[in-house]
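Reader: Could you take me on a close look at one part of this model, starting from a single side chain and working outward? I'd enjoy a connected walk-through rather than a list.

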Amino acid sequence: MSAYNRVYVLPAARTDIKGLGDPGVRKAVVSALVEIERNLEFGPLLEARGSTGDLRGCRKVYVDKPTDQKPRFRVVYWCAPSERRPRQARILAVGARAELGAYQLAADRYNADRLAQGLLPVEDLDDRSLGVEPE
Amino acid sequence: MALWPFRRPSGAPACFPTTRPGPALGKISAPHRHHGTVVLDNMLTNTGKARIVKPMTNLAQLLSTVQSSEFALDSSKLRGTATKRADTEGLVKIAKYNRTVGYLASPAVVEELVGAADELAQTRRELPLAGTLLSTALRLGIDPETAVQALVANREDGAHIDLANLASLIETAADNLDAAAVARQRLQMPADQDLTLEEVASELGLDLAEIRANVNAGSAAAQYATS
């Protein structure tokens with residue numbers, strides 16, 4: 001067990017995970033969260049896109065139980081308090097990869113969680129302030 | 001000497017008057033019309049006794065008298081006069097020697113009075129229930145003025161008691177009260193907190209230590225992709 005918690009799951013994201021019917025998929029998602037716990041920068045950074053909303057500062061991981069197919073599910077999280085100094089991963093949403101549902105859910109929850117953490121909404125910050133500016 | 005029967009020279013018995021007064025059937029006088037009241041001077045019966053009419057203290061007695069007052073008018077001329085006057089005025093009072101002996105009303109007035117009596121009777125039946133509903137409304141926190149406004153419905157023909165409207169208002173207030181209770185209950189529930197990985201694994205019935213060990217060993221039951 002970690003000395004301190006590095007992964008926090010939002011209540012809504014917990015509902016997403018519990019909504020995954022297959023127990024094997026749930027276990028795979030928890031395994032992915034363990035991977036994120038080991039390495040907060042496990043998933044690649046997202047960008048602001050019209051179809052997904054402004055998810056700068058968020059990361060994604062595709063996950064599934066072992067199959068021959070591509071992973072069917074997507075986990076979206078962000079590192080708080082900032083990408084420059086990540087101390088914890090906050091799991092925003094878990095959803096099917098085939099649709100953009102997880103992105104849309106994450107976009108809705110991202111700013112709410114930032115405000116809950118005492119941070120400004122992502123729209124009010126530039127890439128440099130978010131710590132996602134390429135060096 | 002024959003003392004009896006003593007006869008007058010004309011041959012008529014002397015001990016009896018030549019004419020004997022009959023019953024006091026006075027002449028029918030013209031009715032005195034005053035403020036819609038027909039006063040009939042001749043209200044004596046054939047026996048010379050005035051009819052006794054009980055004093056009327058409420059609408060029910062008035063209606064009873066109206067329906068039965070016709071018997072007090074012993075002559076067809078009186079009846080005709082009073083009926084005509086009642087048709088004109090709507091309702092006339094029949095008096096003898098400044099004493100009211102009855103009322104006579106036109107059919108329209110009788111209908112109206114019967115309707116009014118029915119409405120009054122219904123109102124008297126509804127009043128106890130209205131009191132109960134008002135008490136309930138006050139207990140639910142409804143403003144007394146609002147409750148009374150809901151109870152008294154103003155229509156074209158006057159104010160009426162509208163129990164259904166007040167009952168509807170009470171029902172709405174009760175529903176709002178229930179909703180408020182549910183809202184309070186929700187507020188009292190502990191807010192959802194962010195869950196740690198251990199809590200999520202525990203909720204899902206998974207052994208987190210085993211999963212960590214598998215991940216560390218590179219044998220996790222999962223596949224990932226990051227692009």
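Author: Happy to. Take A:Leu92 in this predicted model: leaving aside its neighbours within four places in sequence, A:Leu92 is in contact with A:Leu10, A:Ala13, A:Cys58, A:Val76, A:Tyr77, A:Trp78, A:Ala106, A:Arg109, A:Tyr110 and A:Asp113. A:Leu92 belongs to the largest nonpolar core, a set of 44 residues. Along with A:Val29, A:Ile91 and A:Ala106, A:Leu92 is listed there among the residues with the most contacts inside the core. Helix 2 of chain A gives the most to this core, with seven residues. Apart from it lies another core, of eight residues, and B:Ala82, B:Val92, B:Ala95 and B:Leu104 are among them.

Helix 2 of chain A is also a good place to cross over to the other chain. This helix covers residues 23-38, and its axis comes within 11 Å of the axis of helix 6 of chain B, residues 197-204. The two axes cross at roughly 170°. An angle over 145 degrees counts as roughly antiparallel, and therefore helix 2 of chain A and helix 6 of chain B are roughly antiparallel to each other. On the chain A side of this meeting are A:Arg26, A:Val30, A:Leu33 and A:Glu37, while helix 6 of chain B brings B:Leu197, B:Val200, B:Ala201 and B:Leu204. Sorted by type, the residues of this helix contact are six nonpolar, two charged and no polar.

Now step back to the whole contact between the chains, which takes 28 residues from chain A and 20 residues from chain B. On the side of chain B that touches chain A, strand 7 (195-196), helix 6, helix 7 (208-217) and strand 8 (223-225) are the elements that give two or more residues. Helix 6 of chain B gives the most, with four residues. That side of chain B divides into 13 nonpolar, four polar and three charged residues.

Strand 7 of chain B has a partner across the chains too: two bridges join it to strand 1 of chain A (residues 7-9), and the two strands run antiparallel. Within this pairing, A:Val9 has B:Leu195 as its bridge partner.

For contrast, finish at a loop of chain A. A:Ser51 sits between strand 2 (48-49) and strand 3 (53-54) of chain A. Why is A:Ser51 called exposed? A residue counts as exposed if 12 or fewer other C-beta atoms lie within 10 Å of its own, and A:Ser51 has 7. The C-alpha atom of A:Ser51 is separated by 8.0 Å from that of A:Leu100, a residue 49 residues apart from it along the chain.

Conventions: Residues are numbered from 1 along each chain as its sequence is written. Chains are lettered from A and ligands numbered from 1 in the order in which they are written. This is a predicted model: local features need pLDDT of at least 70, side-chain atom pairs count only at pLDDT 80 or more; totals for chains, interfaces and linings use all residues. Axes are lines fitted to C-alpha atoms, for helices over the stretch in contact, and angles run from 0 to 180 degrees between N-to-C directions. Angles under 35 degrees count as roughly parallel, over 145 as roughly antiparallel, 65 to 115 as roughly perpendicular and the rest as oblique. Two residues are in contact if their C-beta atoms, placed from the backbone, lie within 7 Å. Ala, Val, Leu, Ile, Met, Phe, Trp, Tyr, Cys and Pro count as nonpolar, Asp, Glu, Lys and Arg as charged, and the others, Gly among them, as polar. Two strands pair if DSSP finds at least two bridges between them. A nonpolar core is a set of buried Ala, Val, Leu, Ile, Met, Phe, Trp, Tyr and Cys residues joined through C-beta atoms within 7 Å. A residue is buried if 20 or more other C-beta atoms lie within 10 Å of its own, exposed if 12 or fewer, and partly exposed in between; C-beta atoms are placed from the backbone.
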